Amino acid sequence: MFTRRQFLASVSVPLTLRQSSTRGRPPDSVPGGGAQPRNSDGLPPLPAVDVAEVGRQLRRQFSDLRNHFIFEYYPWYGTNPWRHWEGSGRTPPYDIAATAVPDLGPYDSGNPRVLEQHARWITESGAGAINVSWWGCDSFEDRLVPLLMDVMRDHGLKVTFHLEPYSDNRVDSYASDIQYLVTEYGDKRHWDCQLLLRNADGEEGPVFKAFATIQPRASTDCHGRTAPVAMWRPDEVWRRQTDTVRETLRRHFDNVWLLSDSTAAEPVLVVGFDGSAPYGAFSPEDWPQLARAFSGINLTFSPSIGTGFDAIVERNVPADSCYRPAAFVPPADINWSSASDRGKAAHLAVRQIEASMRTSLAVQTNSTLRNARTGFFIVYIATFNEWHEGTSFEPMKDHAALLPQELPFGYHNPAYGRYRLDYLKPRLERIIRG
């Protein structure tokens with residue numbers, strides 16, 4: 001199986017904000033919707049965006065605006081046996097595959113109490129939907145979908161799906177996978193929970209994103225060894241799949257939106273996607289140029305709100321491996337044993353949230369670009385609970401609340417574990433409700 005971490009490790013993760021030697025303010029200065037992060041670290045200025053005016057514009061266009069803000073969501077955690085928490089050489093329950101310990105501890109994604117708490121936090125944030133990481137029919141994650149949808153529905157939240165690289169031949173079943181998701185979790189449930197996104201013209205339809213969509217035919221490793229990429233498929237194979245989806249569903253919906261995660265516009269066009277919504281929020285300063293490139297060939301470009309990147313370090317790596325630990329984004333040297341450096345990291349994450357939010361709003365409401373011209377608007381929030389990559393808005397434990405058994409593992413928990421959710425909440429409120 002080709003995991004997200006393997007994919008990200010195989011490419012250069014773009015860095016966004018240059019490293020600063022000056023420590024930022026501690027996270028306690030921004031939780032709960034406090035002041036925006038000051039530009040005291042020599043970092044590039046934040047994009048000049050009138051968020052209040054953008055919010056007024058979006059509210060006039062979209063009666064279901066909260067449903068256009070969608071958390072990336074991962075139902076892949078287990079405790080009996082351990083799933084995902086034990087990855088990368090970890091041994092739960094105290095040593096887990098995460099850079100910070102969740103407020104709930106290492107949990108089971110099938111626990112109704114966990115799902116209820118997740119739904120309450122997501123509702124509190126202002127977002128209206130989740131984008132479920134889906135790993136194929138009858139996978140662990142697929143079997144949890146009915147319960148997950150029941151809970152989300154009861155909290156007024158919608159569910160959509162993110163097709164992962166669950167097998168080398170997943171491209172060959174792309175159309176049938178989407179038909180399965182529409183039938184099982186839309187039709188059979190009478191559309192009680194699956195997201196039907198509404199554009200500015202009032203037309204509705206499902207939206208599906210896929211991860212690791214455009215793959216090279218071959219790759220060369222750090223030793224100079226070239227090998228075929230097992231997931232690669234010719235453009236015409238991808239195009240048959242996307243065409244089949246549209247032909248199958250066109251009589252049932254006004255629109256069906258199929259999104260890639262690639263930042264290469266021409267390949268996205270050739271294989272038949274409507275546009276791209278890249279995973280994560282690594283390089284917001286690149287998005288205006290990318291949005292123009294996509295719009296120039298009639299594609300949408302919908303970047304995320306995100307915290308940056310703070311991935312776990314793999315253990316037990318073979319001596320000849322090409323693996324290198326991923327860099328912290330925005331780039332900085334962080335001494336995680338230092339409380340002030342953990343505060344600096346939290347400050348940088350908040351700044352990344354602000355920069356990515358403003359930039360996504362700016363490119364998607366630019367009247368000269370395709371998103372605004374066609375009335376398409378969607379913002380994925382990366383992520384609710386991807387704990388391996390340190391991108392979670394789900395609350396962490398306060399550092400002072402870490403157990404004695406957890407402290408030796410050097411977790412990155414800040415002084416205040418809710419700072420990301422508390423920072424996001426008033427900003428979405430300002431956009432969605434005014």
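**Exercise 1. The disulfide**

Task: In this predicted model, find which cysteines form a disulfide and work out its handedness.

Solution:
- Step 1. Start with the sulfur atoms: those of Cys-222 and Cys-322 are 2.0 Å apart. The cut-off for a disulfide is 2.5 Å, so this pair forms one.
- Step 2. Recall what this bond is. A disulfide is a covalent bond between the sulfur atoms of two cysteines.
- Step 3. Turn to the torsion about the S-S bond. For Cys-222 and Cys-322 the value is about -85 degrees, so the disulfide is left-handed.
- Step 4. Now place both ends on the chain. Cys-222 sits in the loop between strand 9 (218-220) and strand 10 (226-228), while Cys-322 sits in the loop between strand 14 and helix 9 (339-364), so the bond ties together parts that are 100 residues apart in sequence.
- Step 5. Check the accessibility. Cys-222 has 49% relative accessibility and counts as partly exposed; Cys-322, at 31%, is partly exposed too.

**Exercise 2. Two cysteines without a bond**

Task: Explain why Cys-137 is too far from Cys-193 for a bond, and decide whether Cys-193 is buried or exposed.

Solution:
- Step 1. Look for the closest cysteine sulfur to that of Cys-137. This belongs to Cys-193 and lies 18 Å away, which is too far for a bond.
- Step 2. Go the other way round. Cys-193 is in no disulfide, and its nearest cysteine sulfur is that of Cys-137.
- Step 3. Read off the accessibilities. Cys-137 has a relative accessible area of 42%, so this residue is partly exposed. Cys-193 has 0%, and buried means under 20%, so Cys-193 is buried.

**Exercise 3. The order of the sheet**

Task: Write down the strand order of the open sheet and say which strands stand at the edges.

Solution:
- Step 1. Nine strands make up the open sheet, in the order 13-12-11-8-5-4-1-15-14, with parallel pairing.
- Step 2. Look at the ends of that order. Strand 13 (300-301) and strand 14 (305-306) each have a single partner strand, so one side of each has no neighbour in the sheet.
- Step 3. Add a helix to your sketch. Helix 4 (residues 140-154) packs on the sheet, where it touches strand 1 (69-73), strand 4 (129-134) and strand 5 (158-163). The direction of helix 4 makes about 170 degrees with that of strand 4.

**Exercise 4. A closer look at strand 11**

Task: Describe how strand 11 pairs with strand 8 and with strand 12, and where the side chains of strand 11 point.

Solution:
- Step 1. Begin with strand 12. Strand 11 (residues 257-260) and strand 12 (residues 275-276) are joined by two bridges in the parallel sense, and Ser-260 has Ser-276 as its bridge partner.
- Step 2. Move to strand 8 (residues 207-210), which pairs with strand 11 over three bridges, again in the parallel sense. Here Lys-209 is opposite Leu-259.
- Step 3. Think about side chains. In a regular strand they alternate between the two faces of the sheet.
- Step 4. Apply this to strand 11: Trp-257 and Leu-259 point one way, Leu-258 and Ser-260 the other, and all are buried.

**Exercise 5. Two packed helices**

Task: Classify the packing of helix 2 with helix 11 and sort the contact residues by kind.

Solution:
- Step 1. Helix 2 (residues 51-61) and helix 11 (residues 419-432) pack at about 50 degrees, with axes 7 Å apart.
- Step 2. That angle makes helix 2 oblique to helix 11.
- Step 3. List the contact. Helix 2 brings Val-51, Ala-52, Gly-55, Leu-58 and Arg-59, and helix 11 brings Arg-430, Ile-431 and Ile-432.
- Step 4. Sort these residues: five are nonpolar, one is polar and two are charged.

**Exercise 6. A buried arginine**

Task: Where does Arg-170 lie, and which residues does Arg-170 touch?

Solution:
- Step 1. Arg-170 belongs to the loop between strand 5 and helix 5 (174-185).
- Step 2. With a relative accessible area of 3%, Arg-170 is buried.
- Step 3. Leaving out residues up to four places away in sequence, the contacts of Arg-170 include Asp-177, Phe-211 and Trp-238.

Notes: Residues are numbered from 1 along each chain as its sequence is written. This is a predicted model: local features need pLDDT of at least 70, side-chain atom pairs count only at pLDDT 80 or more; totals for chains, interfaces and linings use all residues. Side-chain values use heavy atoms; hydrogens and water are left out. Two strands pair if DSSP finds at least two bridges between them. Helices (H or I, at least four residues) and strands (E, at least two) are DSSP runs, numbered from the N terminus. Contact means heavy atoms within 4.5 Å. Axes are lines fitted to C-alpha atoms, for helices over the stretch in contact, and angles run from 0 to 180 degrees between N-to-C directions. Buried means under 20% relative accessible area, exposed over 50%, partly exposed in between (1.4 Å probe, protein chains only). Angles under 35 degrees count as roughly parallel, over 145 as roughly antiparallel, 65 to 115 as roughly perpendicular and the rest as oblique. Ala, Val, Leu, Ile, Met, Phe, Trp, Tyr, Cys and Pro count as nonpolar, Asp, Glu, Lys and Arg as charged, and the others, Gly among them, as polar.
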